[in-house]
Amino acid sequence: MFTQSSPLIKKLLVGNRNWEWIPILVARVSLGLFFSVSGYNKLFVPERHADLINLMKEIGVPFHEFMAIFLASVEFFGGLLLIVGLFSTIVAIVLIIVMIVAITTVEIEQVIPKDIGPLDWLSWFIYLPQVLYIILFVWLITTGPGRFSLDYLIADKLGINNHN
């Protein structure tokens, strides 16, 4: 029934790259929606904007009012760019940096309990949503934004698309 050349065995062991565009599209658009909505709220909803400014002031960010607008703009416009798949790698790198800053300035101090063992600490750390976002961004950087993206169309027009 199962032989070395069985298509079923191959799909079970190494997957099927023909359908890879679906999770790439879903991940890219989902991340884009998340960050664009988050950035929108921080930019245009007064209470959320005030909360962000207060948080930045609390954790000692210099120029907290400017940095709040800058961060919210990066999230909002970066999210929109991810949705359409334009400059996806650059946006992913920038948002990875934003997530690293969020983890080191807020999440580790305010979310992960103090005085826990290293395995418990690692469990809490990996559970942070920002860590998952970083993993997804790294995956998108390595796979590319997928065939349903403006980046793909531009690469095709320039003759540099690898058609994966």
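Select helix 2 together with helix 7 (residues 129-143), and you will find two helices that pack at an angle of about 130°, with their axes 11 Å apart. That angle makes helix 2 oblique to helix 7, and the crossing between helix 2 and helix 7 is left-handed. Before going further, keep in mind that what you have open is a predicted model.

To see where these two helices meet, show the side chains of Pro 23, Ile 24, Ala 27, Arg 28, Leu 31, Phe 34 and Phe 35 in helix 2, which are in contact with Tyr 133, Leu 136, Phe 137, Trp 139, Leu 140 and Thr 143 in helix 7. While you are in this region, pick out Ser 30, which also lies in helix 2 and which, at 41% relative accessibility, counts as partly exposed. If you draw a distance from the C-alpha atom of Ser 30 to that of Tyr 133, the separation is 11 Å, although these residues are 103 places apart along the chain.

Now move to Trp 21, another residue of helix 2, which is partly exposed with a relative accessible area of 25%. Once its neighbours within four places in sequence are set aside, Trp 21 is in contact with Arg 147 and Phe 148. The C-alpha atom of Trp 21 is separated by 16 Å from that of Asp 156, a residue that stands 135 residues away along the chain.

Keep helix 2 (21-44) on display and add helix 4 (64-84). The axes of helix 2 and helix 4 come within 7 Å and cross at roughly 150°, which means that helix 2 is roughly antiparallel to helix 4. This contact draws on many residues, including Gly 32, Ser 36, Gly 39 and Leu 43 on helix 2 and Ala 72, Ser 73, Phe 76 and Gly 79 on helix 4. As for its hand, the crossing of helix 2 and helix 4 is left-handed.

One residue of this contact deserves a separate selection, namely Lys 42, which is found in helix 2. Is Lys 42 buried or exposed? With a relative accessibility of 15%, Lys 42 counts as buried, because buried means under 20% relative accessible area. Apart from its neighbours within four places in sequence, Lys 42 is in contact with Arg 48, His 49, Leu 52, Ala 72 and Glu 75.

Two of those partners, His 49 and Leu 52, lead on to helix 3, where they are buried along with Ile 53 and Met 56. Seen down the axis of helix 3, its buried residues fall within an arc of 95°, so they line one face of the helix. In general, an α-helix has 3.6 residues a turn, so residues three or four places apart point the same way. Helix 2 and helix 4 are among the elements that cover the buried residues of helix 3. Turn the view round to the face directed away from this buried side, and you will come to the exposed residues Glu 47 and Glu 58.

The length of helix 3 can be checked as well: at 1.5 Å a residue, its 13 residues (46-58) should span 18 Å, and its end C-alpha atoms are 18 Å apart, which agrees.

Follow the chain out of helix 3 and select Gly 60, whose phi is positive, near 85°. In the loop between helix 3 and helix 4 you will also find Phe 63, which has a positive phi near 50° even though the residue is not a glycine. The relative accessible area of Phe 63 is 68%, and this residue is exposed.

A further loop to visit is the one between helix 5 (88-110) and helix 6 (118-127), where Asp 115 lies. Asp 115 is not a glycine either, yet its phi is positive, at about 55°, and with 83% relative accessibility Asp 115 counts as exposed.

For the last stop, select helix 8 (residues 150-158), whose buried residues are Asp 151, Tyr 152 and Ala 155. When helix 8 is seen down its axis, these buried residues fall within an arc of 100°, so they line one face of the helix. What do the buried residues of helix 8 pack against? They pack against helix 5. Just after helix 8, the tour ends at Gly 159, which takes a positive phi of about 75°.

Conventions. Residues numbered from 1 in each chain as written. Predicted model: local features only at pLDDT ≥ 70, side-chain atom pairs only at ≥ 80, totals over all residues. Heavy atoms only, no water. Helix = DSSP H or I, 4+ residues; strand = E, 2+ residues; numbered from the N terminus. Expected span 1.5 Å × (residues − 1). Buried < 20%, exposed > 50% of the residue type's maximum accessible area, 1.4 Å probe, protein only. Arc of directions from axis to C-beta. Contact = heavy atoms within 4.5 Å. Axes fitted to C-alpha atoms, helices over the stretch in contact; angles between N-to-C directions. Parallel < 35°, antiparallel > 145°, perpendicular 65-115°, else oblique. Left-handed = near helix turned anticlockwise from the far one by under 90°.
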